[in-house]
Amino acid sequence: MALVESTMLPLGTPAPTFRLREPASGRWVALDDFATAQALLVAFICNHCPFVHLIREELGRFARDYLPRGLAMVAINSNDAASHPADSPERMTEEVARFGYVFPYLHDAQQDVARAFQAACTPDFFLFDAARRLVYRGQFDDARPGNDIAPSGQDLRAAADAVLAGLPVSTRQRPAMGCSIKWKADRR
């Protein structure tokens, strides 16, 4: 496992466009599908990373708490499934069913979306306001495998609470930390 921190894309950056397939349903999902949401969270996750394993139940709870409040959410797996079969589209479908994800979990097979977001690790979070400008990027919370801190999503929850209330999001943001995105050898 290669430990990596997020790149901390500059605040105010417009949301990169995307259109990706959701393996669980077979449908295509695009940035424009969330045009009426008050805010949009884009989470880069995968199936095999211990950092994602630690938070995935709380991430599901986060979605169930915030989707009814006007936050839209999408998760994206950009890992090379050829070198990491646990991150294949078929296994993503199993992950959705196992953890009851209520948000689209998309497959970025060409890895272009991860590059557009400058995503570096799993998990890596990007929260956009109603104008689709970046207001938060970074960690879910302080929980890490082995540090005995229970996942709560407190950092991301604070940012989501602020943006949904129409308040400024604190610029004191800590990078996400996790497994590196598994890039295809020909795409480095």
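Visitor: How many of the 11 residues of H4 are buried, in this predicted model?
Guide: Helix H4 is largely enclosed by the rest of the structure, and its buried residues include Asp155, Arg157 and Leu164. In this predicted model, the enclosure follows from a simple count, because the buried residues of H4 number 8 of 11.

Visitor: Against which elements do the buried residues of H4 pack?
Guide: The buried set of H4 includes Leu156, Ala159, Ala160 and Val163. Among these, Ala159, Ala160 and Val163 are touched by Leu127, a residue that ranks among those with the most contacts inside the largest nonpolar core. Taken together, the buried residues of H4 pack against E4, H1, E5, E8 and E9.

Visitor: Which helix or strand gives the most to the largest nonpolar core?
Guide: The largest nonpolar core has 35 residues, and Leu41, Ile45, Phe62, Leu71, Phe125 and Leu127 have the most contacts inside it. At least two residues each come from strand E4 (39-44), helix H1 (50-66), strand E5 (71-77), helix H2 (89-99), strand E8 (124-128), strand E9 (134-138) and helix H4 (154-164). With 7 residues, the element that gives the most to this core is H1.

Visitor: How many residues are in the other core, which lies apart from the largest one?
Guide: Ala72, Val113, Ala114 and Phe128 are among the members of this other core. The core to which they belong lies apart from the largest one, and its residues number 23.

Visitor: On which residue is the kink in H1 centred?
Guide: Helix H1 has 17 residues and reaches 24 Å from its first C-alpha to its last, close to the 24 Å expected at 1.5 Å a residue. There is nevertheless a kink of about 50° in H1. The buried residues of H1 include Phe51, Val52, Ile55, Arg56, Glu58 and Leu59, and the one on which the kink is centred is Arg56.

Visitor: Why does the pair of Tyr101 and Phe103 count as stacked, and at what angle do the planes lie?
Guide: A search of the whole structure finds 10 aromatic pairs. In one of them, the rings of Tyr101 and Phe103 have their centres 4.7 Å apart, and both residues are buried. Planes under 30 degrees apart count as stacked, so the pair qualifies with its planes at 25°.

Visitor: How many residues apart in sequence are the parts tied together by Phe125 and Phe140?
Guide: The rings of Phe125 and Phe140 are stacked, because their centres lie 5.5 Å apart with the planes at 25°. Phe125 counts as buried at 0% relative accessibility, and Phe140 is likewise buried, with a relative accessible area of 3%. Since Phe125 lies in strand E8 and Phe140 in the loop between E9 and H4, the pair ties together parts whose separation in sequence is 15 residues.

Visitor: Over the ring of which residue does the charged end of Arg115 sit?
Guide: Ring pairs link Phe44, Phe117, Phe126 and Phe128 into a cluster, whereas Arg115 brings a charge to a ring. The charged end of Arg115 lies 4.2 Å from the centre of the ring, which belongs to Trp183.

Visitor: Is Thr122 buried or exposed?
Guide: Thr122 lies in strand E7 (residues 121-122). Leaving aside neighbours within four places in sequence, its contacts include Phe44, Ile45, Cys46, Phe51, Met177 and Ile181. Buried means under 20% relative accessible area, so Thr122, at 2% relative accessibility, counts as buried.

Key. Residues are numbered from 1 along each chain as its sequence is written. This is a predicted model: local features need pLDDT of at least 70, side-chain atom pairs count only at pLDDT 80 or more; totals for chains, interfaces and linings use all residues. Side-chain values use heavy atoms; hydrogens and water are left out. A nonpolar core is a set of buried Ala, Val, Leu, Ile, Met, Phe, Trp, Tyr and Cys residues joined through side-chain atoms within 4.5 Å. Buried means under 20% relative accessible area, exposed over 50%, partly exposed in between (1.4 Å probe, protein chains only). Helices (H or I, at least four residues) and strands (E, at least two) are DSSP runs, numbered from the N terminus. Contact means heavy atoms within 4.5 Å. The expected span of a helix is 1.5 Å times one less than its number of residues. The bend at a residue is the angle between axes fitted to the seven residues ending there and the seven starting there. Rings of Phe, Tyr and Trp (its six-membered ring) pair if their centres lie within 6.5 Å; planes under 30 degrees apart count as stacked, over 60 as edge-to-face and the rest as tilted. A charge sits over a ring if NZ of Lys or CZ of Arg is within 6 Å of the ring centre and within 35 degrees of the ring normal.
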